Amino acid sequence: MTRKTVSTITDTELTALYDLLEARGPAADPLATFSVPLAQPKERHRKGGAGHMYTPENTVAAEEAIGWAFKAAARNHQPDKGRYGLHITVAGANAATDVDNLEKLVMDGLQGQVYKNDRQVDELYIRRLPGRVRRTEVTVYRIEEG
């Protein structure tokens, strides 16, 4: 297969790539699959009264919920330096929400629980679905090096 830059990929090729990723799905033997009843993006840091930056409470709470849900699904896992993949489906998020902010919330919530640093994520699939029920489903899987 010839390597193409993003600017030269046709809509047909992009659709075929998405179909391939969706068909492949997460690894056959996931490390954990879990769901949390939220569908929100990671909010930007804010400047406090003394000029200090802080993370909004809603974001902190959502990241903690994601971390706890993973811990419940993979009780004996300890964060390591391995390589990982994530398959994320977010239902009920606002259509105007950037999907990169949805995935960043999940990736940051899993940091320190699955991996030591989110740079260890080599594969990422995210899908935003319409709907009234707000839910984020995540499958975490290892990527074998070699």
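**Entry 1: two phenylalanines**

I began with Phe 34 and Phe 70, and I found that both are buried. This is a predicted model, so I am noting what the prediction shows. The two rings form an edge-to-face aromatic pair, with centres 6.3 Å apart and planes at 70°. I then checked where they sit: Phe 34 belongs to strand 1 and Phe 70 to helix 2, 36 residues apart, and the pair links distant parts of the chain.

**Entry 2: the other ring pair**

How many aromatic pairs does the structure hold? I counted 2. Besides the phenylalanines, Tyr 84 and Tyr 115 form a pair that is tilted, at 6.0 Å centre to centre and 50° between the planes. Tyr 84 is in strand 4, while Tyr 115 is in the loop between helix 3 and strand 5, so this pair ties together parts 31 residues apart in sequence.

Are these tyrosines buried or exposed? Tyr 84 has a relative accessible area of 0%, so I wrote it down as buried, the cut-off being under 20%. Tyr 115 is also at 0%, and it counts as buried by that cut-off.

I also listed what Tyr 115 touches beyond its neighbours within four places in sequence. Among its contacts are Pro 79, Asp 80, Tyr 84, Leu 86 and Leu 110. Gln 120 and Val 121 are on that list too.

**Entry 3: the core**

Next I looked up the largest nonpolar core, and it has 25 residues. Those with the most contacts inside it include Phe 34, Phe 70 and Tyr 115, which I had already met, along with Leu 86, Leu 110 and Val 140. Strand 1, helix 2, strand 4, helix 3 and strand 6 each give two or more residues to this core. Which element supplies the largest share? I found that helix 3 does, with 5 residues. A general point for my margin: in soluble globular proteins, nonpolar side chains tend to be buried together.

**Entry 4: strand 1 and its partner**

I followed strand 1 residue by residue and saw its side chains alternate. Ala 32, Phe 34 and Val 36 point to one face and are buried. Thr 33 and Ser 35 point to the other face and are not buried. Strand 1 runs antiparallel to strand 6, and 5 bridges join the two. I picked out one of them: Val 36 has Thr 136 in strand 6 as its bridge partner.

**Entry 5: Arg 135**

Staying in strand 6, I stopped at Arg 135. Its relative accessible area is 32%, so it is partly exposed, as it falls between the 20% and 50% cut-offs. Leaving out residues up to four places away in sequence, Arg 135 touches Ser 35, Val 36, Pro 37, Leu 38 and Ala 39, as well as Thr 89, Val 90 and Ala 91. I also looked up Gly 92: it is 43 residues from Arg 135 in sequence, with 6.6 Å between their C-alpha atoms.

**Entry 6: stepping back**

I counted 3 helices and 6 strands in the protein. Read along the sequence, they follow the pattern α-β-β-β-α-β-α-β-β. Of the 146 residues, 34% count as buried. Among contacts between residues at least 6 apart in sequence, 81% join residues at least 24 apart.

Last, I checked the confidence. The average pLDDT is 83, and 77% of the residues score at least 70. Over residues 1-7 the pLDDT stays under 50, and the model has 2 contacts beyond four places in sequence for them.

How values were computed. Residues numbered from 1 in each chain as written. Predicted model: local features only at pLDDT ≥ 70, side-chain atom pairs only at ≥ 80, totals over all residues. Heavy atoms only, no water. Core = buried A, V, L, I, M, F, W, Y, C linked by side-chain atoms within 4.5 Å. Buried < 20%, exposed > 50% of the residue type's maximum accessible area, 1.4 Å probe, protein only. Helix = DSSP H or I, 4+ residues; strand = E, 2+ residues; numbered from the N terminus. Contact = heavy atoms within 4.5 Å. pLDDT = per-residue confidence, 0-100. Pairing = 2+ DSSP bridges. Phe/Tyr/Trp six-rings, centres within 6.5 Å; stacked < 30°, edge-to-face > 60°.
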